[in-house]
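Thanks for coming. I will go through one structure today, and you can follow along on the screen.

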Amino acid sequence: SGTYAAGVGPSTPWRFASFGNVALAAHGSNVLQAKSAPDTATAFVAVSGGPKAATICVQSNFVMLGETTESSWSYGDGYWCSALGDHTNWTPDPATQCEQGRLTQTPGPIVRMIAFGADVIAFKRTSMLRGRYIGDVSGGAIWDWKVVSRSIGIVAHDAVCEADGVLYWLSDSGFYQFNGGNAQRINDAPFDWMVRSMTDQWVYLIPYVQAQWDRVRRLVRWYYPLVSGFSSLDGGVALHPDTGRWGRFSVAATWALNTFSDSVYRP
C-alpha cells in the first residue's frame, strides 16, 4: 500500500480485520490503514488520526487495538478502542465511547487481542484477560477487564484460533482451550514432542507459530518452522476436537496454508 511499509518484516507483520465492508490493517510502526470492499484496485490509505498498534480485532461495533505505539498513547499494555460504529474516530470521548486504557492487572505487553463471543480476549505472554463492553457513558470505563489467568499466556500473535466457539492456542507450558469458563490445558497434546522437534531453536522459532481451523477436515492446526530463518512453515501438529486425537503433518513451504499431508496418531 504505497509508502506505508516502515518496519515491516516477518517479526512485525501487518494485522488485518474487517469492520462492516471496510478492511482494516494495523501495524506497530504505521498509522491504521483502511479500504472499502470489494474494491480490489484501490490501495489502503491512512485513517486520519488513526493510531499505531500491533494487534487489532473488531467487537460489538468497535475496533479494538492493542499494544499501542502511537506517540500520544504508547504502552505495550495499552489498548485503544474506536468510537462506537466509527472506525475513523479515535478521539477519546465518553460521548462517542472511544476509549484508551491499560491492562496493568498483569505484567507485560499485549501480544494478541481476539474477539470471542461478545467479549475481547487479550493475551499476554504469561497471562490472559477478558474485556467486556459495559457502555458506561457517564464518565466511567467503557470496557471492563478481568483476569482469566495470571499464569497462562500465548507464545505468539497467530498461535490462537477459534473452532466451534472454543479458543485453542499454544502457551509456553502447553496447548490450551477456552470455552468461556476456565482455561484448560489439553493434557494429551504432544507438547514435549513439538518442543523437541524444534531442537534448540524453540525460543527463536516459536514467535512464528500459526494456528488455523481447518473447517473441511475439522482440524485445529498449528504450523511452525522447523529450522531457523523462519522463511517457511514446514509442518506442525493438529488436533481433531471431535475425537481428541492428535496428528502430525508436513507441508511444502509454498503451500503452507492450503495443502496438507496428514499422519494421525496417538502421542
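I will take the cysteines, then the nonpolar cores, then the charged residues. Keep in mind that this is a predicted model.

Cysteines to start with. How many disulfides does the structure hold? Zero. C81 is in no disulfide, and the nearest cysteine sulfur, that of C98, is 6.6 Å away. Since a disulfide here needs the two sulfur atoms within 2.5 Å, that pair does not count. C81 is buried, because its relative accessibility is 0%. C98 is in no disulfide either, and at 3% relative accessibility C98 also counts as buried.

Now the cores. The largest nonpolar core has 39 residues, and W169, L170, F175 and W222 have the most contacts inside it. Strand β14, residues 166-171, supplies the largest share of this core, five residues. Take L170 as an example: leaving out residues up to four places away in sequence, L170 touches a list that includes I154, V155, F175, F191, W202 and W222. There is also a second, separate core of 17 residues, and C98 is in it, along with L32, W80 and A83 among others.

On to charge. E70 lies in strand β6, residues 62-70. E70 is buried yet has no salt bridge; K52, the nearest side chain of opposite charge, is 5.1 Å away. The cut-off for a salt bridge is 4 Å, so this pair is not counted as one. What does the side chain of E70 reach at 3.4 Å? The backbone nitrogen of K52. Beyond its neighbours within four places in sequence, E70 is in contact with G50, P51, K52 and W80.

The structure holds 10 salt bridges. One of them pairs R102 with D77, with the closest N and O atoms 2.9 Å apart. R102 is in strand β8 and D77 in strand β7, so the pair ties together parts 25 residues apart in sequence. D77 is buried, at 11% relative accessible area, while R102 is partly exposed at 39%.

R218 has two partners to look at. With D164, the closest N and O atoms are 2.4 Å apart. R218 sits in the loop between β17 and β18 and D164 in the loop between β13 and β14, so this bridge ties together parts 54 residues apart in sequence. R218 also meets D242 in a salt bridge, at 2.7 Å from N to O. D242 is in the loop between β19 and β20, 24 residues from R218. Finally, salt bridges that share partners join D119, R130 and R132 into one network.

Conventions:
Residues numbered from 1 in each chain as written. Predicted model: local features only at pLDDT ≥ 70, side-chain atom pairs only at ≥ 80, totals over all residues. Heavy atoms only, no water. Buried < 20%, exposed > 50% of the residue type's maximum accessible area, 1.4 Å probe, protein only. Core = buried A, V, L, I, M, F, W, Y, C linked by side-chain atoms within 4.5 Å. Helix = DSSP H or I, 4+ residues; strand = E, 2+ residues; numbered from the N terminus. Contact = heavy atoms within 4.5 Å. Lys, Arg positive; Asp, Glu negative; His and termini not counted. Polar contact = N/O pair within 3.5 Å; in protein donor to acceptor, adjacent residues only side chain to side chain.
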